[in-house]
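Colleague: I should like to learn how to read the strands, the crossovers and the ligand site of a model such as this one. May we go through them in turn?

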Amino acid sequence: MKPAVILYKSLPDDLRTKLDAHFTVTEVNDISAETIQQHKAQFEQAQGLLGSGGKVNGDLLAKMPALRACSTVSVGYDNFDVEALNQRKVLLMHTPTVLTETVADTMMALVLSTARRVTELDKWVKAGEWQASIGPDHFGIDVHHKTLGILGMGRIGLALAQRAHFGFGMNILYNARRQHEEAETRFGARACDLETLLKESDFVCISLPLTEQTHHMIGAAQLKLMKPSAILINAGRGPVVDEQALTAALKDGTIHVAGLDVFEVEPVPADAEILTLPNVVALPHIGSATHETRYGMARDAVDNLIAALNGNVEKNCVNPQIQG
Ligand SMILES: NC(=O)C1=CN([C@@H]2O[C@H](COP(=O)(O)OP(=O)(O)OC[C@H]3O[C@@H](n4cnc5c(N)ncnc54)[C@H](OP(=O)(O)O)[C@@H]3O)[C@@H](O)[C@H]2O)C=CC1
Ligand SMILES: O=CC(=O)O
């Protein structure tokens, strides 16, 4: 008999066919209390869980006694209680690498659109405001040859450094837990403490995961260290930045502009004060959202679940140590 699996994200047809060939699949909209109650028996029998979004914690695990592997269609896994998974010996699979370049492109897009005021001036032109040659009121700031500080020099940080160094001749600073030789030798990146990075960078770019250590790593005190002309880009996770402190810093000129792909609450509430600020470029968490990359992530998530439930995990596993 094929193992039972809960799918909580729609897949392209060919990937769904592949999943069905290996497993008996129950597709649900999400993993809310309502859905779990509605499909109680299927959740109890499921050995695998595949999707993205939603909390996977001890409460959910208690309702899924047969679960052996989770496969998330994302690289970030802050919505999983990894400790609880480890205790139950449930494998957690994710999709690093396939999305790295696309997310770095998104970050570079935020760097350029904030510095050159692309979204603001687009609205201005379409509103019919362009009546004469523009003057200093509409000038932006240069990106090339400026200093770009990267918080989190992992896969995405490295791909961003590559673009900034080779494409824009930028000086690269970085802060991570360990030294990254590749970034230093290939892109001339300089490791520094958080305070130095914040003080010296023209662009502060966050590609950090959300953990207990990174939660509100950027708050009022850190924003005060930044240059008044500095631009903050966050494509890691919203709660890495204290959004209330950021809103205040953008209002009082502590920093110049922010480009945000992620927010403390997502979707960001329509009445959030940060959305009213002219010096914010806001995106709906589109870091990896291209047709090619989202397909690649879904493909990897399906392959990851097949490997995990067949006992041949070779890559993309967050907690391989629990095997055997
Ligand atoms: N906006 C979007 O759509 C997307 C957002 N993301 C986010 O980007 C994150 C990073 O992805 P990826 O680059 O693949 O992950 P990696 O694991 O490759 O990189 C994470 C980096 O963060 C650093 N880091 C972790 N904790 C700390 C800390 N406490 N202090 C300083 N540095 C720290 C790591 O340091 P070290 O190298 O020293 O271990 C590493 O350099 C994801 O976890 C996710 O949250 C990812 C994809 C899309
Ligand atoms: O935010 C997206 C991810 O893959 O993580």
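Colleague: Which strand do three bridges join to S1, and in which sense do the two run, parallel or antiparallel?

Modeller: In general, the strands of a sheet pair through backbone hydrogen bonds, in either a parallel or an antiparallel sense. In this predicted model, S1 is joined by three bridges to strand S3 (residues 48–51), and the two run parallel. To locate the pairing, look for Leu7, which stands opposite Leu50 in S3.

Colleague: How many bridges join S1 to strand S2?

Modeller: Four bridges join S1 to S2 (residues 24–27), and these strands run parallel. Here Ala4 is the residue to find, with Thr24 of S2 opposite. Between the two strands the chain passes through helix H1 (residues 13–22), forming a right-handed β-α-β crossover.

Colleague: Are the residues on the two faces of strand S1 buried or exposed?

Modeller: A residue is called buried when its relative accessible area is under 20%. In S1 (residues 4–7), Ala4 and Ile6 lie on one side, Val5 and Leu7 on the other, and all are buried; both faces are thus covered.

Colleague: In what order do the seven strands of the open sheet lie?

Modeller: The order is S8-S7-S6-S9-S10-S11-S12, with parallel pairing. The edges are formed by strand S8 (190–191) and strand S12 (280–282), each of which pairs on one side only.

Colleague: Why is S7 described as largely enclosed by the rest of the structure?

Modeller: Strand S7 is so described because four of its five residues are buried. Its neighbours may then be read in turn. Strand S6 (residues 147–151) runs parallel to S7 and is joined to S7 by five bridges; Gly149 stands opposite Leu173 in S7. The chain travels from S6 to S7 by way of helix H8 (residues 155–168), in a right-handed β-α-β crossover. From S7 the chain continues through helix H9 (residues 181–187) to S8, and this β-α-β crossover is right-handed too. Strand S7 (residues 171–175) pairs with S8 over two bridges in the parallel sense, and Leu173 has Arg190 as its bridge partner in S8.

Colleague: Which of the 28 residues around ligand 1 come nearest?

Modeller: The nearest are Arg155, Arg177, Arg178, His180 and Asp261. For polar contacts, one looks for pairs of N or O atoms within 3.5 Å. A polar backbone atom of Arg155 is 2.9 Å from an oxygen atom of ligand 1. Gly236 places a backbone N or O atom 3.4 Å from an oxygen atom of the ligand, while an N or O atom in the side chain of Arg237 is 3.3 Å from a ligand oxygen atom. On its own, ligand 1 has 930 Å² of accessible area, of which the protein covers 89%.

Colleague: What does UniProt list for residues 6–319?

Modeller: An unreviewed UniProt entry lists this range as "domain: D-isomer specific 2-hydroxyacid dehydrogenase catalytic". In the model, the chain over residues 6–319 is 39% helix and 14% strand, and the C-alpha atoms at its ends are 20 Å apart.

Methods: Residues numbered from 1 in each chain as written. Chains lettered and ligands numbered in written order. Predicted model: local features only at pLDDT ≥ 70, side-chain atom pairs only at ≥ 80, totals over all residues. Heavy atoms only, no water. Buried < 20%, exposed > 50% of the residue type's maximum accessible area, 1.4 Å probe, protein only. Pairing = 2+ DSSP bridges. Right-handed = clockwise from strand over helix to strand, strands pointing away. UniProt positions renumbered as here; feature names shortened; annotations may be inferred. Near = heavy atom within 4 Å. Polar contact = N/O pair within 3.5 Å; in protein donor to acceptor, adjacent residues only side chain to side chain. Areas by Shrake-Rupley, 256 points an atom, 1.4 Å probe, with all protein chains shown as cover.
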